[in-house]
Amino acid sequence: MANIGSYEERIKNFDWSVSEKELGYKPGDILNIGWYCSDRICQQGKADKIALHWEGLGGAEKHFTYNDIRRASNTIAAFLQSLGHASGDRICLFMDRVPELYIGVLGILKMGGIGQPLYSAFGDESLYVRLENAETSAIITQRKHALKVRKILDKLPHLKHIIIVDHDGKSPLRDREVAFSLEKAAPVEDFGSYPTTSESPSLLHYTSGTTGQPKGVKHVHYSLISQYLTAKWVLDIREDDIFWCTADPGWVTGTSYGIIGPWSLGVTQCVLDGGFSAQAWYKFIEKYRISNWYSAPTAIRSLMKAGDEIIKNFDLSSLRNLASVGEPLNSEAVVWSEKVFGKAFLDTYFQTETGSIMITNFPGMKIKPGSMGKPFPGITATILDPKTYEPYSETGKIGLIAIRPGWPAMMRTYWNNEETYQKKFKNGWYMTGDRASIDKEGYFWFVGRDDDIINTGGHLVSPFEVESALIEHPAVAESAVVSKPDPINMEVVKAFVALKPGFTASADLDLEIMNFIRKKLSPLAMPQAIEFVEQLPKTRSGKIMRRILKAKEWGEEIGDTSTLEND
Ligand code: PRX
C-alpha cells in the first residue's frame, strides 16, 4: 500500500496540520529547514544512516551520514558567520552538483541566510542580473566558475565574498576571494541554528519572465510543510528507500525534492554529478538499488531513444516509484515506462512559484496516460474562462489553470517586485500562466503556456533575455526569439536575426552568434537555429509579432495579421 493510501479519503477534510504533526511542529514554533533536515533526523536515532551517496565525473564517490551532513552544514554556517554574513543575507550557491552544494543549502538556512542556488552553466550575464537583483552578499563556488564571477565583480558592490570550495592552496586568491574546504575545516560539532520561524525567507529561486528581467521567487521556511508531505505521498518515500532526484538544485525541483523533501523524511538519497547517458543512469540505479526516481520528460525521451535492448543489461528491479516533472509527459513515455520498467512514470505538475507539487498522479491511482492527474489534497485548482476569470461551469473546456492561494510552499513575493507578484492574482486565484482542461473524472490535461516563455527540456527560457543578449552582438540589428518543435526537448530556442549593414549571413556567423549566447547566458538559452531575415514582422506600433514567427515554426494558422506593418 502506497503512503497516500486512498486519495478519496485523504482529500476529505484535509488540513496541513497532518504534516505539521508528523514533523513535530506547532504554529509559532521556531522552524528552520536546515535543522529539520539534519539535526532532527539525528535526534531520531538515524545519525549513522546514509543521507547522501554522491558520484562525480570519472567515478569519484563520497558518502555522508546524517551526522556528517549535520556537522558539515554547521561548519558552513559558522564559516559564513565568521565572515560577517548574517540572517536575511542572500548567499548564492554557484556550483556543479558537488556535495558542498547540497550541504551548503542546509548551512545557509541554519545561519538564517537566504539561499540563492544558480545553475553552474550560467554565463556571466545570466549570473550578473541575478546577483545584482538580489544584492547577493556572498557566492559559494568552484574554481572553474569563479572566473565568471571575476568578470562581473566590479559591477557588484554588494558582493563581499567569493568562497571557493576547491581552492588548491597555491594559486593566488583575487579580490574578495576566500578559500573554504569542507574536508580541511575544523568541524563544528554544535551550532545553534538561527531561530527562523514559518515566514522567515529561505530560498530565492530565479525564474524567467516574458517581458522583464528574471524574477526572484521568494520562499519561506514554512514551505517544508508542503514539501515533506508531497514527497511522502507522491514520491512515496519510505524509511528504507533509496531516492534519486535527477534535477539540479538550480531549479526548484532540485531543492524542494532534491534536498528538503527527502532529507526531512530522513531517507538516503543519491546524486550523480555528470551529464546524461542512458548507460550511466541505468548503472547508477543498479548500483545503489534506487527505489524512487524523480526525473523529467526530456530525460525519459532520451532513455526511450537509447532503446529497450540496453535495459536488459541492468538489474533495475529495485525501482518502485517513478515520477516526472517540468514539462508535458507524452502518453507514449508513460506507456513505454510501464513496458520496460514495469512501472508508469507519474506525471507531476508544479512551478518555481508554487514550491511544491500541485497537480499530480498518485501511486495507486488510475493513470490516464497524457494527463497530469488531480490536485494534491489541500490544493484547490480549477480552469478559468480567459474572458471572465471565472471557473467554467462545465468540464472539457480549455482555459487557464488557477489555484486558490494559501498552501505552505506558495511563494511569498517576487524579490523587489511586489507589483509583478500582485499581477499573478485574479478574482482571488493564483494564475499559473498555463492552459489546460479538466475531464469529467477531475483529471487535468495540460495544453500549453499562456505566454511566450519557452520550455526547453523542462527549463524555462525567456525570449526577452535571449533577444537582449543577441543585440549585444556587433552584427545583430534586431532579433525575435521563439520556440521551435524538437523531438527530445519538446521545444528549443530559435532566433530570427536581422543583421546590421555591412554584415552578411554565413554559417560562421551563425555559429559565432550561438556561442556568444551560450557563454553569456547558458547552453539552454543558446538558439539551436538562427534564421537571418531582412526584416522582422512588426505591428504598426513597432511591436515584434513573435506570434507569426512561432505559428510558422509549429505549422499553425498565422491568425489575424491586420495590424501587421510590412505585409
Ligand atoms: O508550463 C508549466 C511547466 O513548467 C512550468 C514551471 O516551470 P518552472 O517554474 O521552471 O518549474 C519547473 C519545475 C517544477 C509550468 O508553468 N510544467 C511543469 N510541470 C509540468 C509542466 N507542463 C506540463 N506538465 C507538467 N507536468
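In what follows, Ala, Val, Leu, Ile, Met, Phe, Trp, Tyr, Cys and Pro count as nonpolar, Asp, Glu, Lys and Arg as charged, and the others, Gly among them, as polar. Keep that in mind for the pocket. One caution as well: this is a predicted model.

So, the pocket. I mean the second largest one, with a volume of about 280 Å³. Its lining divides into 2 nonpolar, 3 polar and 5 charged residues. Who are they? Thr210, Thr211, Asp452 and Glu467 are among them. So are Thr539, Lys543, Ile544 and Met545. Arg546 and Arg547 also belong to this lining.

Next, the cavities. How many cavities of 30 Å³ or more does the structure hold? There are 3.

Start with the largest cavity. Its volume is about 60 Å³. By class, its lining has 8 nonpolar residues, no polar ones and 1 charged. The charged residue is Glu100. The lining also includes Ile76, Phe79, Leu80 and Met95. Ile140, Ile163, Val165 and Phe180 line this cavity too. Which helix gives the most to this lining? Helix α5, residues 66-82, with 3 residues.

Now the second largest cavity. Its volume is about 40 Å³. Among its lining residues are Ser202, Leu203, His205 and His219. Ser223, Gln227 and Val252 are there as well. Thr255, Ser256, Ile260 and Gly355 are also in the lining. Three elements give two or more residues each: β8 (201-207), α9 (223-233) and α10 (252-264). The largest share, 4 residues, comes from α10. By class, this lining has 3 nonpolar, 8 polar and no charged residues.

On to the cores. The largest nonpolar core has 96 residues. Leu235, Trp263, Tyr294 and Trp407 have the most contacts inside this core. A second, separate core has 28 residues. Trp244, Ile285, Leu303 and Ile310 are included in that second core.

Two helices next. Take α8, residues 143-152. Which of its residues are buried? His145, Ala146, Lys148, Val149 and Ile152. Seen down the axis of α8, these buried residues fall within an arc of 155°, so they line one face of the helix. Here is the background. An α-helix has 3.6 residues a turn, so residues three or four places apart point the same way. On the other side of α8, Leu147 and Lys151 are exposed. And what covers the buried residues? The cover includes three strands and a helix you can find by number: β3 (90-94), β5 (138-141), β6 (161-164) and α7 (124-134). Strand β7 (177-179) is also part of that cover.

Now α13, residues 331-341. Its buried residues are Ala333, Val334, Trp336, Ser337 and Phe341. Down the axis of α13, they fall within an arc of 165°, so again one face of the helix is lined by buried residues. Val335 and Lys339 are exposed on the other side of α13. The buried residues of α13 pack against α11, β12, α12 (297-306) and β13 (321-325). Just after α13 comes glycine 342, with a positive phi of about 75°.

That brings us to backbone angles. Most residues other than glycine have a negative phi. Two residues here are worth finding on screen. Arginine 289 has a phi near 55°, a positive value in a residue other than glycine. Where is arginine 289? In the loop between α11 (278-288) and β12 (292-295). Arginine 289 is partly exposed, because its relative accessible area is 39%, and partly exposed runs from 20% to 50%.

The other is asparagine 416. Its phi is near 55° and positive, and again the residue is not glycine. Asparagine 416 sits in the loop between β19 (413-414) and α14 (418-422). Buried or exposed? Asparagine 416 counts as exposed, because its relative accessibility is 63% and the cut-off is over 50%.

Last stop: arginine 404. This residue is in the loop between β18 (399-403) and β19. Arginine 404 is partly exposed, with a relative accessible area of 37%. What does arginine 404 touch, leaving aside residues up to four places away in sequence? Thr380, Asn427, Gly428 and Trp429. Phenylalanine 425 lies 21 residues from arginine 404 along the chain. Their C-alpha atoms are separated by 9.4 Å.

Definitions and conventions
Residues numbered from 1 in each chain as written. Predicted model: local features only at pLDDT ≥ 70, side-chain atom pairs only at ≥ 80, totals over all residues. Heavy atoms only, no water. Core = buried A, V, L, I, M, F, W, Y, C linked by side-chain atoms within 4.5 Å. Buried < 20%, exposed > 50% of the residue type's maximum accessible area, 1.4 Å probe, protein only. Arc of directions from axis to C-beta. Contact = heavy atoms within 4.5 Å. 1 Å grid on protein atoms, 1.4 Å probe; cavity = no way out; pocket = protein on both sides within 12 Å on 5 of 7 lines; lining within 4 Å. Points joined across faces, edges and corners; volume = space filled by probe spheres on them.
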